[in-house]
Amino acid sequence: IGELFDYAPLDKDNRKVVIQTKDKTVEAKSFEDNIKNAKIGDLIVMKSLNYEPGLAILLPESTPLLDELFNQMTVNKKLVIQIQGHICCADNDSTNLSRARAKLVYDFLIQKGITKSRMSYRGFGVTKPFYQIPENNDEERIANRRVEIKIVSNK
């Protein structure tokens, strides 16, 4: 919507995607809503989590999403998660990059005060791609290169 966007008083209400079709407008669920409504076993992709290429170093634009996850874990004391890392564009994960990226999220939450008993982390490398490797384009590579939150317990 760009310059015509009318900001809501609550910052969280400004973080959404609106999909417009000819007949109706549908709001996609926010990361916060996905966490709140998640059931045991659900996987939630952290779509705005970005790293330096080939490294376990978060880019600064990833912090708001990590803060949202922290806020949800603070509000819901019974939320227990497994942080799952995945990579793209390789035959294997010989350097355990997927695990290191998942651990980075884990460490962020530990530093903010979330207890270790409520979290675990795991790297899956290239074993669970959304698209077959080698990927055909950047869209497929981005989808395969991800961190997911698996709900172990909620509410």
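# Exercises on a predicted model

P134 is found in the loop between β5 and α4. Helices (H or I, at least four residues) and strands (E, at least two) are DSSP runs, numbered from the N terminus. This is a predicted model: local features need pLDDT of at least 70, side-chain atom pairs count only at pLDDT 80 or more, and totals for chains, interfaces and linings use all residues. Residues are numbered from 1 along each chain as its sequence is written, and side-chain values use heavy atoms, without hydrogens and water.

## Exercise 1: the backbone

Find which residue joins P134 through a cis peptide bond, and the sign of phi at C89.

Step 1. The cis bond links I133 to P134, with omega about 5°.
Step 2. Go to the loop between β4 and α3, where C89 sits. Its phi is positive, about 65°, though C89 is not a glycine.
Step 3. Set this against the general pattern: most residues other than glycine have a negative phi, and most peptide bonds are trans.

## Exercise 2: the disulfide

Find the partner of C89 and the handedness of the link.

Step 1. Apply the rule: a disulfide is a pair of cysteine sulfur atoms within 2.5 Å. The count is 1 disulfide.
Step 2. C89 pairs with C88, the sulfur atoms being 2.4 Å apart.
Step 3. Read the angle about the S-S bond: -75°, so the C88 and C89 link is left-handed.

## Exercise 3: the sheet

Work out the strand order, then place α3.

Step 1. Two strands pair if DSSP finds at least two bridges between them. The open sheet has 4 strands, ordered β3-β6-β4-β5, with mixed pairing.
Step 2. Mark the edges: β3 (43–45) and β5 (119–123) each pair on one side only.
Step 3. Strand β4 (residues 80–86) runs antiparallel to β6, with 7 bridges joining them. H86 has R146 of β6 as its bridge partner.
Step 4. Helix α3 (residues 97–112) packs on the sheet and touches β4, β5 and β6 (contact: heavy atoms within 4.5 Å). The directions of α3 and β5 make about 165°. Such angles run from 0 to 180 degrees between N-to-C directions, with axes fitted to C-alpha atoms, for helices over the stretch in contact.
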